[in-house]
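I set out to record a few local features of this model, entry by entry. The topics are salt bridges, cysteines and backbone geometry.

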Amino acid sequence: MADVKLLGLWYSFFSHRVEWALKIKGVKYELIEEDLQNKSPLLLQSNPIHKKIPVLIHNGKSICESMVILEYIDETFEGPSILPKDPYDRALARFWAKFLDDKVGAVVSTFIRKGEEQEKGKEDACEMLKVLDNELKDKKFFVGDKFGFADIAANLVGYWLGIFQEASGVELVTSEKFPNFCYWRDEYINCSQVKEYLPPRNDELLAFFQGCARAHAATSASTQK
């Protein structure tokens, strides 16, 4: 049996992407929770360049970056395909996954930063949402009629964005502004292929992100006069 370990965090949407793919493939794995304030020797050894999670360790070999790991899982393990078989659809899936990944900073800035950084984050995030609102009209999945690679990459906007909004009190998405996106998001959360693998939206998760927002606000205030 393959030895599969995942260095990650329970609250990280990057880590959850990898867990999602492993569960879709039916791969048994050991989740090793990291402390980013006190990174383990295993993490530093496994990802010496970026020193970040997630890291997949398969039979002693390390693979880093969530979307790179997803492709590795898809190519290595038997089970339902994550990337489409058709070359054009595969290219589309990679395009949308990269588009979504490139917007992570804007989304996070909207909810945990203040002042000019937050306003710039809102502007960039709204531009992203306009694109998605247009792209996702009458669509259940990003590519074709099957849940896959780009949809896993969309876990930030499909699920975690709502948690960030609730935890911070910052309202970014409304059905009036982005009706197609909101319809897609509701379908996404309730889709059986998605719902089975989402983390529970509970008080612990909300409290964690509320604490992050307060801590960042306090840090920002302490550096200003």
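The entries below follow the order in which I looked things up.

**Entry 1. Status of the model**

I note at the outset that this is a predicted model.

**Entry 2. Salt bridges**

I searched the whole structure for salt bridges and obtained ten. I then took three of the pairs in turn, among them D74 with K25.

For D74 and K25, I recorded a distance of 3.1 Å between the closest N and O atoms. I located D74 in helix α3, residues 66-76, and K25 in helix α1, residues 13-25, so this salt bridge ties together parts that are 49 residues apart in sequence. I next asked whether D74 is buried or exposed. D74 has a relative accessible area of 15% and is buried. K25 is likewise listed as buried, at 9% relative accessibility.

The next pair was D124 and K120, whose closest N and O atoms are 2.7 Å apart. Where do D124 and K120 lie? I found both in helix α6, which covers residues 115-135. They are four residues apart there, about one turn of the helix. D124 is partly exposed, its relative accessible area being 26%. K120 also counts as partly exposed, with a value of 47%.

The third pair I examined was R185 with D186, a salt bridge with its closest N and O atoms 3.5 Å apart. I entered R185 as buried, at 19% relative accessibility. The cut-off for buried is under 20% relative accessible area, so the value of R185 falls on the buried side. D186, by contrast, is partly exposed at 39%.

**Entry 3. Cysteines**

How many disulfides are there? My count came to zero. I looked at the sulfur distances to see why. A disulfide requires the two cysteine sulfur atoms to be within 2.5 Å. For C182, the closest cysteine sulfur is that of C126, 12 Å away, which is too far for a bond. For C191, the closest cysteine sulfur belongs to C182, at 18 Å, again too far for a bond.

I also checked accessibility at these two positions. C182 is buried, with 5% relative accessibility. C191 is buried as well, its relative accessible area being 7%.

**Entry 4. Backbone geometry**

I kept the general expectation in mind: most residues other than glycine have a negative phi, and most peptide bonds are trans. I then listed departures from it.

Which residues does a cis peptide bond join? I found I53 and P54, with omega at about 0°. I placed P54 in the loop between α2 (41-46) and β3 (55-58).

I next recorded E65, a residue other than glycine with a positive phi, near 75°. E65 lies in the loop between β4 (61-64) and α3. At 41% relative accessibility, E65 counts as partly exposed.

D138 was the other entry of this kind, with a positive phi near 60° in a residue other than glycine. I found D138 in the loop between α6 and α7 (149-153). D138 is exposed, with a relative accessible area of 74%.

**Entry 5. Cross-references**

I link two of the entries through their helices. Helix α3 holds D74 of the salt bridge with K25, and the loop of E65 runs between β4 and α3. Helix α6 holds both D124 and K120, and the loop of D138 runs between α6 and α7.

How values were computed
Residues are numbered from 1 along each chain as its sequence is written. This is a predicted model: local features need pLDDT of at least 70, side-chain atom pairs count only at pLDDT 80 or more; totals for chains, interfaces and linings use all residues. Side-chain values use heavy atoms; hydrogens and water are left out. A salt bridge is a side-chain nitrogen of Lys or Arg within 4 Å of a carboxyl oxygen of Asp or Glu. Helices (H or I, at least four residues) and strands (E, at least two) are DSSP runs, numbered from the N terminus. Buried means under 20% relative accessible area, exposed over 50%, partly exposed in between (1.4 Å probe, protein chains only).
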